[in-house]
Amino acid sequence: MIDRDEVLHVARLARLRLGEDEIEPLARELSAILDHVAHIGELDLEGVAPTTHVVEVTGALRADEPCGSLPREVALAQAPAVSGDGFSVPSPQA
Amino acid sequence: MNGNEIIELSATQAARKIAAGELSSGELFDAYRARAAADELNCFTWVAPERRAGVNGDASAPLGGVPLAVKDLFCTEGVPSQSGSRILEGYEPPYTATAVRKLRAAGASLLGKTNQDEFAMGSSNENSAYGPVLNPWDRTRVPGGSSGGSAAAVAAGLAPWALGTDTGGSIRQPAALCGIVGLKPTYGSVSRYGMIAFASSLDQAGPLTRDVTDAALLLRHMVGRDPCDATSLELPHEIELPSGVRLDGVRLGVPAELTGGSVGADAGAEVAGEGIEAGVLDAFRLALDQAAELGAEIVESVSLPHAPHALSAYYVLAPAEASSNLARFDGVRYGLRAEGAEDLLEMYERTRHDGFGAEVKRRIMLGTYVLSAGYYDAYYGRAQRVRTKIAEDFARAFEQVDFIVTPTAPTVAFGLGEKTSDPLQMYLNDYCTVPMSLAGIPAISIPCGLSAGLPVGMQLAGPAFSENRLLDASYALERALAFDGSAARV
């Protein structure tokens with residue numbers, strides 16, 4: 001079972017603020033989903049290699065040569081706040 | 001041709017008429033643009049304002065300027081690309097996704113962007129920040145998801161064809177629920193560059209179309225290796241338009257695990273589904289009889305022993321990847337930013353609180369949990385091993401049969417709001433489609449009949465790179481089944 005404290009801990013890891021009304025339903029729903037998926041614990045998977053990529057690709061690396069990229073003003077065009085040549089954000093320390 | 005005659009043409013037929021000089025691409029575009037602009041199903045989040053030279057596809061190119069609806073999560077330069085999320089409201093990307101770029105180069109015209117579940121997380125399109133899409137067969141029901149806008153638009157004749165994405169069934173399941181064709185190709189065959197990511201090891205783009213020929217034609221111009229996506233690859237063969245009429249010698253495997261009445265009773269899990277609906281199974285079995293009449297051998301002894309665990313593995317792996325992919329939505333570079341935060345951390349946390357919907361938060365939380373210290377091996381590591389077993393099951397099955405066949409979804413289209421209160425019930429929609437996603441193999445859903453007046457989809461899956469054979473077999477079946485989807489196009 002996932003309790004309220006665990007929900008708040010995971011939310012902090014995920015950089016996600018939760019409203020008071022979201023905490024209890026998430027605890028209940030995450031518990032139910034994790035109970036369900038925990039059944040993969042019953043399988044004998046001794047010696048089975050994990051799959052990280054399902055279709056083999058070889059030679060995926062490109063030549064390490066400079067190439068074009070987005071112009072700075074285009075990259076900044078959708079930013080909520082801009083300062084000079086960069087993205088503007090609140091201070092890391094209040 | 002009058003408007004109704006134009007709408008009754010498949011995309012391939014329309015392209016041929018344009019090439020033969022019997023139809024102008026502008027006339028075709030205007031007919032669909034007018035229908036898309038009058039959309040009452042909430043299929044579109046953006047419709048092209050007008051026909052424009054240089055933006056519309058070249059009528060002399062292979063796709064003849066035929067209009068194309070594109071799922072919202074494909075980045076389209078200068079056109080809103082919001083992935084169904086409030087956090088990207090109004091976002092206009094600075095570049096266009098490779099798949100869209102290639103289709104435009106082949107002559108497709110961008111008709112509109114289609115509604116979807118937020119970040120492609122959902123099976124009913126009810127998780128869109130821009131409202132649910134209605135099913136054209138019955139407007140009190142869902143179109144399926146996550147490519148629900150694309151599926152409903154094609155079924156309703158608001159677009160000749162559409163682009164979707166499939167992570168665990170998001171092309172195939174809405175195609176089934178809307179009575180159209182949906183194809184998820186082999187993982188890697190279509191570039192993911194410019195697709196707003198959900199779960200990168202599973203996400204694949206593919207066509208949603210009125211028939212199998214259209215699916216082949218659209219896929220043919222989407223595929224290929226892209227230097228911008230290191231997981232993309234060159235298919236060994238060019239995609240051909242299908243021509244099969246018989247299924248002689250074709251072995252169709254019917255795995256008990258995905259076609260029995262106990263489907264959804266996930267290996268001892270407490271939450272058991274109702275299994276596959278009787279009406280869906282009936283339509284599926286009738287389609288198998290048709291296949292046998294065309295000469296196919298129906299092999300009931302084929303087994304996918306780990307398939308009942310696929311959904312569990314999927315709901316570990318996909319949320320884990322999503323929690324990582326969605327870390328980029330932090331209010332810094334684009335999209336929503338919560339105002340008035342005292343410091344950076346508060347800005348991140350409040351932006352994500354305000355910008356994400358309930359299902360996306362649930363999956364970020366689930367993914368963060370299974371990747372956190374102490375749980376990684378028990379959940380993520382095990383799920384990756386289950387994935388290996390599932391791929392091995394398919395490899396073994398394909399020694400015995402040419403294709404695996406199943407119903408695409410356990411039920412026909414269900415009512416709006418019917419499954420929103422229980423996430424696990426919603427997840428069971430993907431029961432028959434998730435195993436193929438985990439194995440990275442191609443799978444297609446074709447309409448195979450009606451149950452209580454609503455469409456039923458049949459899924460055919462083949463080994464990696466078997467698209468041409470899969471399309472050929474589906475085409476032969478499609479001809480024999482003669483499904484009539486015109487009722488949804490009124």
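**Close-up views of a predicted two-chain model**

**Figure 1. The loop of chain B that holds B:Phe465.** B:Phe465 lies in the loop that runs between β11 (454-461) and α16 (467-481) of chain B. In this predicted model, the phi angle of B:Phe465 is positive, about 70 degrees, although the residue is not a glycine. Most residues other than glycine have a negative phi. Is B:Phe465 buried or partly exposed? With 19 other C-beta atoms within 10 Å, B:Phe465 is classed as partly exposed, because the buried class begins at 20.

**Figure 2. A positive phi at A:Arg15 of chain A.** A:Arg15 is placed in the loop between α1 and α2 of chain A. Its phi is near 55 degrees, which is a positive value in a residue other than glycine. The surroundings of A:Arg15 comprise 19 other C-beta atoms within 10 Å, so the residue is partly exposed.

**Figure 3. The cis peptide bond between B:Gly145 and B:Ser146.** The bond that joins B:Gly145 and B:Ser146 is cis, with omega at about 10 degrees. Most peptide bonds are trans. B:Ser146 belongs to the loop between β3 (109-114) and α5 (148-155) of chain B.

**Figure 4. The surroundings of B:Asp330 in chain B.** B:Asp330 is located in the loop between α10 (310-325) and α11 (344-355) of chain B. Because 20 other C-beta atoms lie within 10 Å, B:Asp330 is buried. When its neighbours within four places in sequence are left aside, B:Asp330 is in contact with B:Tyr348 and B:Thr351. B:Leu241 is 89 residues from B:Asp330 in sequence, and the C-alpha atoms of the two are 44 Å apart in space.

**Figure 5. The packing of α2(A) on α12(B).** Two packed helices are described by the angle between their axes and the distance between the axes. For helix α2 (residues 20-37) of chain A and helix α12 (residues 358-371) of chain B, the angle is about 55 degrees and the axes are 11 Å apart. That angle makes α2(A) oblique to α12(B). The crossing of α2(A) past α12(B) is right-handed. Which residues make the contact? From α2(A) come A:Leu26, A:Glu29, A:Leu30 and A:Ile33, and from α12(B) come B:Arg362, B:Met365, B:Leu366 and B:Tyr369. By class, this contact of α2(A) with α12(B) has six nonpolar, no polar and two charged residues.

**Figure 6. The packing of α1(A) on α12(B).** The axes of α1(A) and α12(B) cross at roughly 90 degrees and come within 9 Å. The two helices are therefore roughly perpendicular to each other. In this contact, α1(A) supplies A:Val10, A:Ala11 and A:Leu13, while α12(B) supplies B:Met365, B:Thr368 and B:Tyr369. The residues of the contact of α1(A) with α12(B) divide into five nonpolar, one polar and no charged. B:Met365 and B:Tyr369 thus take part in the contact with α1(A) and in the contact with α2(A).

**Figure 7. The side of chain A that touches chain B.** Contact is made between 45 residues of chain A and 63 residues of chain B. On the side of chain A, the elements that give two or more residues are α1 (4-13) and α2. The largest share, eight residues, comes from α2(A). By class, this side of chain A has 31 nonpolar, nine polar and five charged residues.

**Figure 8. The two chains in outline.** Chain A contains three helices and two strands, which follow the pattern α-α-α-β-β along the sequence. What radius of gyration does chain A have? The value is 22 Å, whereas a compact globule of 94 residues would have one near 12 Å. Its C-alpha atoms fill a box of roughly 55 × 45 × 20 Å along the principal axes, and 18% of the 94 residues in chain A are buried.

Chain B has 16 helices and eleven strands. Its radius of gyration is 21 Å, which agrees with the value near 23 Å for a compact globule of 490 residues. The box filled by the C-alpha atoms of chain B, along the principal axes, is roughly 65 × 55 × 45 Å. Of the 490 residues in chain B, 66% are buried. Among contacts in chain B between residues at least 6 apart in sequence, 75% join residues at least 24 apart.

How values were computed: Residues are numbered from 1 along each chain as its sequence is written. Chains are lettered from A and ligands numbered from 1 in the order in which they are written. This is a predicted model: local features need pLDDT of at least 70, side-chain atom pairs count only at pLDDT 80 or more; totals for chains, interfaces and linings use all residues. Axes are lines fitted to C-alpha atoms, for helices over the stretch in contact, and angles run from 0 to 180 degrees between N-to-C directions. Helices (H or I, at least four residues) and strands (E, at least two) are DSSP runs, numbered from the N terminus. Angles under 35 degrees count as roughly parallel, over 145 as roughly antiparallel, 65 to 115 as roughly perpendicular and the rest as oblique. A crossing is left-handed if the near helix is turned anticlockwise from the far one by less than a right angle, and right-handed if clockwise. Two residues are in contact if their C-beta atoms, placed from the backbone, lie within 7 Å. Ala, Val, Leu, Ile, Met, Phe, Trp, Tyr, Cys and Pro count as nonpolar, Asp, Glu, Lys and Arg as charged, and the others, Gly among them, as polar. The radius of gyration is taken over C-alpha atoms; the globule rule is 2.2 Å times the number of residues to the power 0.38. A residue is buried if 20 or more other C-beta atoms lie within 10 Å of its own, exposed if 12 or fewer, and partly exposed in between; C-beta atoms are placed from the backbone.
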